[in-house]
Amino acid sequence: ALGAERAATLASPSPLARCVDRAARELWEPSALFLRPVAAELAGLALDLVDRFYGVLDVALAAHRGGDGEALEMASSRSRRGTSRPPRGSGGEPPVMTVTLDAHTLARIAVDAALVDRTLESVVPSLVAEALRGVDDALRADAPIDAVVQALNEARRPADRIRGLAVDALAAKIADDVADGTRLVKGVTARYHLTNARTPETASDYLAGRAFKPLDRFDRVWRDVVPLKEKAAGFYGDVRARVERAFAAQIKAVVEHADKLQQAIEKRKHAKLSKSRGSLATTSSPPEQQPVLLNLSSDAVNIVTQLLLDLNETAARLDRFCAAPAFDAGDDHVGALDRLRSTLLAKLEAATTVASPASVES
């Protein structure tokens, strides 16, 4: 588990973002902003730093989305603006990169973009207003205030878009990481097929031990830090829908495999009964062979029971993850796991009927 100090470090803005934020603040200080004739140059430098910073974040997100060539070219041109030698790939074109950013990096991109945007939105205007106090009308008219305000609004344009892209990518990454863990559900069949194991009463260990770790990390490190704002409902809903779809597909694959095993069990049972009846005149079947048929049939009961326990545990964990003030799935919310639950209950009833002693005797 992450310690409190480590979690706080991960949740803080990156050193690059803090550097850009500090530079933007200091270059807009009253003593610097209105030192003519360098005021315009200093203000332009602050905005150029911000623009380049957003360009770097754009490049990272474009590469994470799969190396979208057009998006990468646009983002790269912003991040290297003013350089004499742009990076070159084959044919003299900018290289198309594809990277996979982890959840911490994606969350930090959203935090970084929000940090710099808050500075431009609130801190810089207050610095400008403070600098104008006590300035005579002649100097006030000479100061490039209108141009500053226009440039400030222009510089802030990429922030919300970058934050939105980062939040969307973060939701997808968290869900993918959870799905990587829930793939271990395929081990349920091997755990109960021909093992004479007892009927399960609790969810599988792989859920809390691995599958839920990405949700735990987000709750512990990023929940109160990532600037979801108006995207909160969409973020939690997207994570839930993605996880439910992935886990439902994995469970269905296990059920299909269990059905094939059950069919094989039925064929084996009928073969044993036919053989027993054919040799009834000369050899009687030992009574101790009867429970073997019962154990074979009860495997399906154990498998489906375990799947139901795992499904319910996952649904409950997603409920806790989505228990945010800004997210409300509604009382009528029916997800992929809810729809699958009824199918599993029907399977369990059918498997229980097959495994019952009365069924075996008949």
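1. Cys322 is buried, with a relative accessible area of 4%. Cys19, by contrast, is exposed at 51%. The structure holds 0 disulfides. This is a predicted model, and the points below should be read as comments on that model.

2. Salt bridges come next. The structure holds 17 of them. One joins the side chains of Asp58 and Arg161, with an N to O distance of 2.8 Å. This pair links distant parts of the chain: Asp58 belongs to helix H4 (residues 39-64) and Arg161 to helix H8 (residues 145-182), 103 residues apart. Asp58 is buried because its relative accessible area, 8%, falls under 20%. Arg161 counts as partly exposed, with 41% relative accessibility.

3. Helix H8 also holds Arg163, which forms a salt bridge across 67 residues of sequence with Glu230, in the loop between H11 and H12. The closest N and O atoms of Arg163 and Glu230 are 3.1 Å apart. The two ends have opposite settings: Arg163 is buried at 3% relative accessibility, whereas Glu230 is exposed at 60%.

4. A salt bridge within one helix is found between Asp338 and Arg341, where the closest N and O atoms are 3.0 Å apart. Both residues lie in helix H14 (residues 336-355), 3 residues apart, or about one turn of the helix. Asp338 is partly exposed, with a relative accessible area of 28%, and Arg341 is partly exposed as well, with 22%.

5. Arg223 deserves a separate look. Arg223 is placed in the loop between H11 and H12. A network of salt bridges links Arg223 with Asp216, Asp219 and Arg317. The side chain of Arg223 makes a polar contact of 2.6 Å with the side chain of Asp219, and another, of 2.9 Å, with the side chain of Tyr236. Arg223 also lies over the face of Phe321, 5.3 Å from the ring centre.

6. Aromatic pairs number 6 in the structure. In one of them, Phe53 and Tyr54 have ring centres 5.9 Å apart and planes at 40°, so the pair is tilted. Phe53 is buried at 3% relative accessibility, and Tyr54 is buried at 0%.

7. Phe218 and Tyr236 form an edge-to-face pair, with 6.4 Å from centre to centre and 80° between the planes. Phe218 lies in helix H11 (residues 213-222) and Tyr236 in helix H12 (residues 232-278); the pair, 18 residues apart, links distant parts of the chain. Both residues are buried. Ring pairs join Phe218 and Tyr236 with Phe235 and Phe321 into a cluster. Two members of this cluster were named in point 5: Tyr236, through its polar contact with Arg223, and Phe321, whose ring face lies under Arg223.

8. Two further residues remain. Thr189 is in helix H9 (residues 187-192) and is buried at 5% relative accessibility. Leaving aside residues up to four places away in sequence, Thr189 touches Val254, His257, Leu261 and Ile303. Asp259 is located in helix H12 and counts as partly exposed, at 28% relative accessibility. Asp259 and Ala300 are separated by 41 residues in sequence, and their C-alpha atoms are 8.0 Å apart in space.

Methods:
Residues numbered from 1 in each chain as written. Predicted model: local features only at pLDDT ≥ 70, side-chain atom pairs only at ≥ 80, totals over all residues. Heavy atoms only, no water. Phe/Tyr/Trp six-rings, centres within 6.5 Å; stacked < 30°, edge-to-face > 60°. Buried < 20%, exposed > 50% of the residue type's maximum accessible area, 1.4 Å probe, protein only. Helix = DSSP H or I, 4+ residues; strand = E, 2+ residues; numbered from the N terminus. Lys NZ or Arg CZ within 6 Å of the ring centre and 35° of its normal. Contact = heavy atoms within 4.5 Å. Disulfide = S-S within 2.5 Å. Polar contact = N/O pair within 3.5 Å; in protein donor to acceptor, adjacent residues only side chain to side chain. Salt bridge = Lys/Arg side-chain N within 4 Å of Asp/Glu carboxyl O.
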